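Subject: Structure for your review

Dear colleague,

Please find below the structure that I am handing over to you. I would be grateful if you could look it over before reading the notes that accompany it.

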Amino acid sequence: MIRICHIDDLPERDARGFEVEGQKLLIIKKKGVVHLYRNSCPHTGINLDWQPDDFMSFDKFYIQCSTHGAQFQIEDGFCVLGPCKGQALKTVPFQVIDGEVVLNLQSLAPD
Ligand code: FES
């Protein structure tokens, strides 16, 4: 198990990127609920952020891909706008134990 962060250290609606075992991921909290996704746009597979931790649309309602502007719902990664509309970010399973977000390395196995 790898500790990612404490849930209270995450701001609301403002994703943070990080890397585990060479895999780029992003974590975000909305209404106190944490979501973890692979940092990979379904359109081309490229990272979503063009500079570190710059994942959000201007209004912070959506996770946004910096390359062609696809927008994804925070709560399920579903793409609502852009070239990959109808697809979704890949979720990564995790647990919250005593407020700590922890990741099992087996969660990062290729699909
Ligand atoms: S690479 Fe993300 S929208 Fe094209």
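The notes below describe the protein as a whole and then turn to one residue.

Please bear in mind that this is a predicted model.

As to secondary structure, the protein contains nine strands and zero helices. Along the sequence, the pattern therefore reads as β-β-β-β-β-β-β-β-β, given that helices and strands are taken as DSSP runs numbered from the N terminus.

Concerning overall dimensions, the C-alpha atoms occupy a box of roughly 40 × 30 × 25 Å along the principal axes. The radius of gyration of the protein is 13 Å, which agrees with the value near 13 Å that a compact globule of 111 residues would have. Among contacts with a separation of 6 or more, 42% are between residues 24 or more positions apart.

Turning to the surface, 38% of the 111 residues count as buried. The accessible surface amounts to about 6200 Å², and carbon and sulfur atoms contribute 50% of it. The protein carries 11 positive and 15 negative charges, and the mean positions of these two groups lie 5 Å apart.

One residue may serve as a starting point for inspection. Q71 belongs to strand β6, which covers residues 71-73. Q71 counts as buried because its relative accessible area is 15%, and the cut-off for buried is under 20%. Leaving aside residues up to four places away in sequence, Q71 touches S57, Y62, I63, Q64, F78, C79, V80 and L81.

Yours sincerely

How values were computed. Residues numbered from 1 in each chain as written. Predicted model: local features only at pLDDT ≥ 70, side-chain atom pairs only at ≥ 80, totals over all residues. Heavy atoms only, no water. Helix = DSSP H or I, 4+ residues; strand = E, 2+ residues; numbered from the N terminus. Rg over C-alpha atoms; globule rule 2.2 N^0.38 Å. Buried < 20%, exposed > 50% of the residue type's maximum accessible area, 1.4 Å probe, protein only. Contact = heavy atoms within 4.5 Å. Areas by Shrake-Rupley, 256 points an atom, 1.4 Å probe, with all protein chains shown as cover. Lys, Arg positive; Asp, Glu negative; His and termini not counted. Charge placed at Lys NZ, Arg CZ, Asp CG, Glu CD.
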